[in-house]
Amino acid sequence: MAELKEVHGIILPFTKDIIRNIIEKNKKLIAKFTTHVPSRKTVIRLKKGDMLFLYESGGSKRIKGKAIIKSINYFTPEE
């Protein structure tokens with residue numbers, strides 16, 4: 001597989017109801033996509049300002065919305 005040099009967004013699956021709540025109620029979204037702080041073996045290419053695309057995994061199976069990544073944080077398992 002070819003290695004990507006740049007990434008400008010990520011697509012995450014959500015149910016129709018969750019997407020509706022995010023878009024219609026203008027809810028903030030916290031998306032967790034990694035379980036640990038990057039090390040020399042892992043490279044996280046996402047950064048502040050990149051896009052998060054909301055993919056409807058149940059019904060229409062298409063991208064229904066997008067959001068701008070405002071921050072990337074790493075949490076411990078206790079958090």
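Arginine 20 and aspartate 17 sit 3 residues apart in helix α1 (residues 16–24), so about one helical turn separates them. Helices here are DSSP runs of H or I with at least four residues and strands are runs of E with at least two, numbered from the N terminus. That pair opens our exercises.

Before you start, note that this is a predicted model, in which local features need pLDDT of at least 70, side-chain atom pairs count only at pLDDT 80 or more, and totals for chains, interfaces and linings use all residues. Residues are numbered from 1 along each chain as its sequence is written, and side-chain values use heavy atoms, leaving out hydrogens and water.

**Exercise 1.** Find the salt bridges in the whole structure, and describe how accessible the partners are.

*Solution.*
- Step 1: Apply the criterion, a side-chain nitrogen of Lys or Arg within 4 Å of a carboxyl oxygen of Asp or Glu. The search returns 3 salt bridges.
- Step 2: Take arginine 20 and aspartate 17, whose closest N and O atoms are 2.7 Å apart. Buried means under 20% relative accessible area, exposed over 50%, and partly exposed in between (1.4 Å probe, protein chains only). Arginine 20 has 37% relative accessibility and counts as partly exposed; aspartate 17, at 45%, is partly exposed.
- Step 3: Move to lysine 47 and aspartate 50, with closest N and O atoms 3.3 Å apart. Lysine 47 is partly exposed at 41%, whereas aspartate 50 is buried at 4%.
- Step 4: Finish with glutamate 56 and lysine 64, where the closest N and O atoms lie 3.7 Å apart. Glutamate 56 is buried at 3%, while lysine 64 is partly exposed at 35%.

**Exercise 2.** Work out the strand order of the sheet and place helix α1 against it.

*Solution.*
- Step 1: Look for pairs, which need at least two DSSP bridges between two strands. Strand β2 (residues 51–56) and strand β3 (residues 63–68) are antiparallel over 5 bridges, and leucine 54 stands opposite glycine 65 in β3.
- Step 2: Follow the turn: β2 and β3 make a hairpin with 6 residues between them, and lysine 61 in the turn has a positive phi of about 55°.
- Step 3: Read the order, β1-β2-β3, an open sheet of 3 strands with mixed pairing. β1 (9–14) and β3 are at the edges with a single partner strand each, so one side of each has no neighbour in the sheet. From one strand to the next, the twist averages 25°.
- Step 4: Add the helix: α1 lies across β1, β2 and β3, at about 135° to β2. Angles run from 0 to 180 degrees between N-to-C directions, with axes fitted to C-alpha atoms, for helices over the stretch in contact (heavy atoms within 4.5 Å).
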